Amino acid sequence: MNAKWRKFLSYYRPYMKGFIADMVFALVGAATSLIIPLIIRYITGTVLLEGFVNAQQTIIVLSLVMLGLLAVDFGCNYFIAYVGHMVGARMEYDLRNELFTHYQKLSFRFYDDQKVGSLMSRVTNDLFEITELYHHGPEDLMISAIKLLGSVVILCMINVKLAAVALLPVPFMIAFASVLNRKMKRTFKKNRERIAEINTRMEDSLSGIRVVKSFTGEDMEIHKFTEGNDLFLMSKRDNYRYMAIYHAVLWCTTGLITVAVAAIGALMIGKDQLTLQDLIAFLLYVNNFTEPIRKLVSFTEQFQNGMSGFERFYEMICIDPDIEDAPDAKELSDVKGDIDFTDVTFSYGGNPTREANVFSHLNLHIDAGEYVALVGHSGVGKTTICSLIPRFYEPTEGRITIDSTDITSVTQKSLRQKIGIVQQDVYLFAGTVLENIRYGRPDATFEEVVNAAKRANAHEFIMELPDGYDTDIGQRGVKLSGGQKQRISIARVFLKDPPILIFDEATSSLDNESEKVIQDSLEELAKDRTTLVIAHRLTTIQNAKRILVLSENGIEEEGTHEELLKKNGTYAKLYHTAT
Ligand code: ADP
Ligand code: MG
């Protein structure tokens with residue numbers, strides 16, 4: 001048994017009791033439905049032989065027995081539908097939790113190539129199909145096997161010749177089913193991929209709806225969406241075409257069996273080879289063994305669907321986070337804030353060819369408590385340098401240390417707790433202002449939150465919001481201005497109170513007025529902390545004690561604003577083109 005199957009089965013383990021109970025009830029239910037036609041046959045036979053008056057007693061007793069069996073059947077069906085589904089739902093719950101937890105562990109590199117819509121689709125669509133398979137699969141197999149085998153045995157015991165007539169088409173049905181199944185498997189997989197694509201498109205288009213509207217791109221979006229939707233329809237069509245043949249052929253075969261049994265049975269009665277009660281029993285059983293075949297058909301359908309869902313789930317679960325804590329990772333504590341890059345080479349592709357490297361053999365030292373600015377033209381790698389410090393990406397070569405401790409030797413959690421980042425794009429979660437600021441430190445008191453907001457120059461505007469700190473800012477914070485969102489994100493960092501700060505173009509997208517206010521709060525925040533500032537507008541970093549100029553060749557120049565201007569090199573050029 002391979003790893004995939006072992007994983008597939010492992011989800012049953014916690015619910016073994018419920019699952020076994022489900023199977024037992026399925027078994028009992030199937031058995032009762034096999035017994036009832038036998039009783040009917042017996043009643044018919046008794047009446048025919050002994051006459052109505054003598055048989056009356058038997059009829060009443062056996063009818064009560066049948067009612068009893070029906071009650072048992074009712075109980076079984078209720079149990080299977082309720083407990084069986086709950087077992088499935090609990091397994092789905094586990095799968096969903098596992099997938100979400102896994103998503104949380106995966107690193108930036110993973111999310112660089114993934115689309116949210118497709119990731120969502122795995123959680124919503126795929127998992128549902130898997131759990132349907134989980135509980136219906138074994139249950140249906142069990143019920144069908146018992147009914148099919150049971151009725152075959154009983155039919156053979158009643159009359160072998162007529163049983164042969166009834167069973168003749170069965171091998172044909174099975175062969176037919178397996179051929180079509182193979183074809184359907186492909187269409188199911190395609191369906192799954194296409195619905196994921198549709199979700200991705202939708203997610204993308206709705207997230208960017210403001211851009212769509214400003215470029216009046218609605219028609220183009222609808223067109224692109226329709227294309228995906230058409231493809232989905234096409235793969236569904238292939239799918240349903242196979243299913244239609246499948247069901248039609250099977251229904252028709254069932255009908256043929258009934259007709260053949262009735263006709264040949266009648267002839268046999270005429271020749272005294274069969275009794276009437278046997279023919280009645282036969283006709284009742286025909287349903288009892290064609291129904292399982294149909295069930296098996298829907299099982300194979302469910303199986304294909306569920307397994308292709310599981311395969312997608314499994315593929316995802318098998319992706320290892322590419323950045324993991326070392327087995328002996330320690331907590332990073334008592335950080336002063338010296339940062340060193342030694343001989344660091346980095347490329348996003350992971351392969352260190354000279355062309356693909358964002359930078360090679362970079363050396364950089366920042367003293368604890370220093371305020372350092374990093375400048376350089378767009379795309380040169382400033383943001384990349386910053387994302388190496390919290391270990392969002394791993395250097396291809398070289399090492400990065402904080403207070404001489406290699407960052408790969410400490411836990412990511414403790415490392416990232418020591419670093420505060422303020423970026424150009426602010427992401428606010430759905431929820432209140434309070435919750436968003438508290439994201440910096442979930443156990444902060446209300447006073448601490450207010451204090452952080454005050455220092456971030458956010459308190460005043462927050463108090464003007466309809467519900468103050470309890471105002472719901474909606475997903476993506478659409479109801480706040482860029483500057484206001486930025487101030488909330490700064491309050492978040494104040495609350496977190498990290499010894500190391502990174503400002504990555506924190507004020508670049510703001511108007512002059514907000515920039516001024518935010519600049520003030522950033523400077524307040526930077527006091528006594530190691531701070532690395534990337535600024536687009538060079539005017540904002542003029543008073544930095546040290547400015548590093550990054551170019552394709554690494555750190556090309558460094559010094560104060562005046563020193564660098566005097567040098568008349570890259571910095572001077574950048575400064576003069578900008579102003
Ligand atoms: P800067 O912040 O200086 O403008 P970046 O550090 O963002 O530059 O980018 C440096 C280079 O790395 C650019 O050529 C950019 O295209 C590339 N790059 C940035 N992010 C990624 C990523 N997630 N995957 C692949 N390449 C990237
Ligand atoms: Mg950048």
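**Salt bridges in a predicted model**

Trainee: Hi! Is glutamate 524 buried or exposed?

Mentor: Neither quite: glutamate 524 counts as partly exposed, at 28% relative accessibility. Buried means under 20% relative accessible area, exposed over 50%, and partly exposed in between (1.4 Å probe, protein chains only). Bear in mind that this is a predicted model, where local features need pLDDT of at least 70, side-chain atom pairs count only at pLDDT 80 or more, and totals for chains, interfaces and linings use all residues. Side-chain values use heavy atoms, with hydrogens and water left out, and residues are numbered from 1 along each chain as its sequence is written.

Trainee: Which side chain does glutamate 524 meet in a salt bridge?

Mentor: That of arginine 455, at 3.3 Å, N to O. A salt bridge here is a side-chain nitrogen of Lys or Arg within 4 Å of a carboxyl oxygen of Asp or Glu. This pair links distant parts of the chain, 69 residues apart: arginine 455 is in helix H13 (residues 446–455) and glutamate 524 in helix H16 (residues 512–526). Helices are DSSP runs (H or I, at least four residues), numbered from the N terminus.

Trainee: Which residues do shared partners join into one network?

Mentor: Asp126, Glu129, Arg192 and Arg312.

Trainee: Switching to helix H8: how far apart are glutamate 221 and lysine 224 along it?

Mentor: They lie 3 residues apart, about one turn of the helix. Their side chains meet in a salt bridge at 3.6 Å, N to O. Glutamate 221 is buried at 14%, while lysine 224 is partly exposed at 30%.

Trainee: And how many salt bridges in the whole structure?

Mentor: The search finds 23.

Conventions: Chains lettered and ligands numbered in written order. Helix = DSSP H or I, 4+ residues; strand = E, 2+ residues; numbered from the N terminus.
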